[in-house]
Amino acid sequence: MNILSSSMPIPVDKLLIGILIMAGVTYLCRVLTLVLVRKKIKNRFFRSILTYLPFGVLSAMVFPEIIYSTSSGGVIVSSAVLIATVCGTIVAIILSLFKRGLFTVTMSTTATVLVLILILRAMGLN
Amino acid sequence: MNNNRLTFKTGFRDAIPIALGYFAVSMTFGVATVGYGFPSWSAILVSLTNFTGSGQALGVQLLAVSTTTLLELFVAMLIINVRYALMSVTVAQLLSPKVTLLQRFVIAFGVTDENFAVAVSRRKELTFSYLMGLEITAFIGWIGGTIVGALVGDVLPEVVMTAFGIALPAMFVAIVLPPCRHSKAITVVVLIAVAMSCAFYYIPGLNLLSKGWVYVICGVVSAIIGALLFPVKEDGENDGGEGQEKTEKENSV
């Protein structure tokens with residue numbers, strides 16, 4: 001990744017067009033279906049799909065990636081961070097199953113990871 | 001009106017964990033983008049106009065490579081963002097009938113993974129004010145983090161930033177898992193999606209497929225299986241949980 005920073009600076013016009021493309025595509029993906037699908041979908045099968053879709057998409061985004069969420073670029077280099085993250089994930093799962101709120105789950109998980117990394121490093125683990 | 005004010009407040013409250021998580025993530029984005037050799041203003045401009053974590057990170061990485069063509073950038077952005085089209089359909093179904101067309105154009109800008117997840121987990125009719133409370137608060141966190149990251153650099157110790165990496169995924173866990181306690185259908189959908197996602201992550205060959213497609217494929221396939229096994233009830237109740245028996249006839253449009 002550091003090789004990139006030593007390359008020559010990006011021309012401003014290419015940068016601006018690039019940002020425009022990024023913003024345009026992102027917005028288009030979000031706006032099209034929100035504006036075009038104006039009626040309530042009545043078909044039971046499609047309504048069922050839409051009911052379950054959020055859970056499917058979000059679960060796929062979280063697992064297994066949550067394990068790599070604390071490693072930059074998804075490459076695990078520190079065993080202390082890995083152990084702390086696995087423990088944090090378990091904390092998140094348990095608290096969620098006991099229906100704690102978003103804020104409690106998020107903060108407890110983050111705190112668990114932070115404290116464990118500090119403890120493990122203090123114990124000499126890399 | 002009074003009701004609307006309350007709803008904006010609810011949105012604001014719901015967005016506080018998102019905004020905190022966003023601050024940490026977008027700060028990393030700001031630091032990394034400047035580290036790539038981009039001017040600070042461009043990192044802030046990207047966050048102001050895109051408002052998406054994974055897409056921004058990918059786009060900037062591609063732009064940093066001088067050989068990347070704009071067509072490549074376009075296709076990559078399309079692939080990583082296509083899941084938003086699915087999320088927007090779901091949001092569209094939950095919108096209050098009072099929401100105008102113009103308001104839909106405004107709401108669309110803030111359909112991020114996290115905003116979507118929190119709004120949908122409310123399981124209520126979504127008003128414009130609620131969504132604005134949610135999206136504006138989250139956006140402030142997003143922009144604030146980018147500005148700090150791009151201009152000041154890492155203000156937090158490395159270990160704190162590392163730990164914050166788990167904040168947003170943890171929030172997703174807190175959204176996806178609680179309904180599994182009372183709904184067998186959602187449990188099945190979640191397990192299928194996780195199994196598929198792991199397969200796409202670890203199995204050689206399958207793991208070459210880009211993330212954007214993986215999310216869409218896992219989401220759609222698991223939802224279709226869920227819909228076939230556990231069709232939701234006719235009255236539009238969004239539960240889909242206990243009702244396994246298919247008593248009602250298929251409702252044709």
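What follows looks at how chains A and B meet, and then at two spots in chain B. This is a predicted model, in which local features need pLDDT of at least 70 and side-chain atom pairs count only at pLDDT 80 or more, while totals for chains, interfaces and linings use all residues. Residues are numbered from 1 along each chain as its sequence is written, with chains lettered from A and ligands numbered from 1 in the order in which they are written.

Start with the interface: 70 residues of chain A are in contact with 92 residues of chain B (contact means C-beta atoms, placed from the backbone, within 7 Å). On the chain A side, helices H1 (2-5), H2 (12-36), H3 (44-62), H4 (79-97) and H5 (102-122) each chip in at least two residues; helices here are DSSP runs of H or I, at least four residues, numbered from the N terminus. H3(A) gives the largest share, 18 residues.

Over in chain B, Val214(B) sits in helix H12 (residues 211-229). Val214(B) counts as buried because it has 20 C-beta neighbours inside 10 Å, the cut-off for buried being 20 or more other C-beta atoms within 10 Å of the residue's own, with C-beta atoms placed from the backbone. Setting aside neighbours within four places in sequence, Val214(B) is in contact with Ala60(A), as well as Ser197(B), Phe200(B) and Leu209(B).

Helix H7 of chain B (residues 113-121) is mostly covered, with 8 of its 9 residues buried. Among them are Asp113(B), Glu114(B) and Phe116(B). Just after H7(B), Arg123(B) takes a positive phi of about 55°.

Notes
Buried ≥ 20, exposed ≤ 12 C-beta atoms within 10 Å, placed from the backbone. Contact = placed C-beta atoms within 7 Å.
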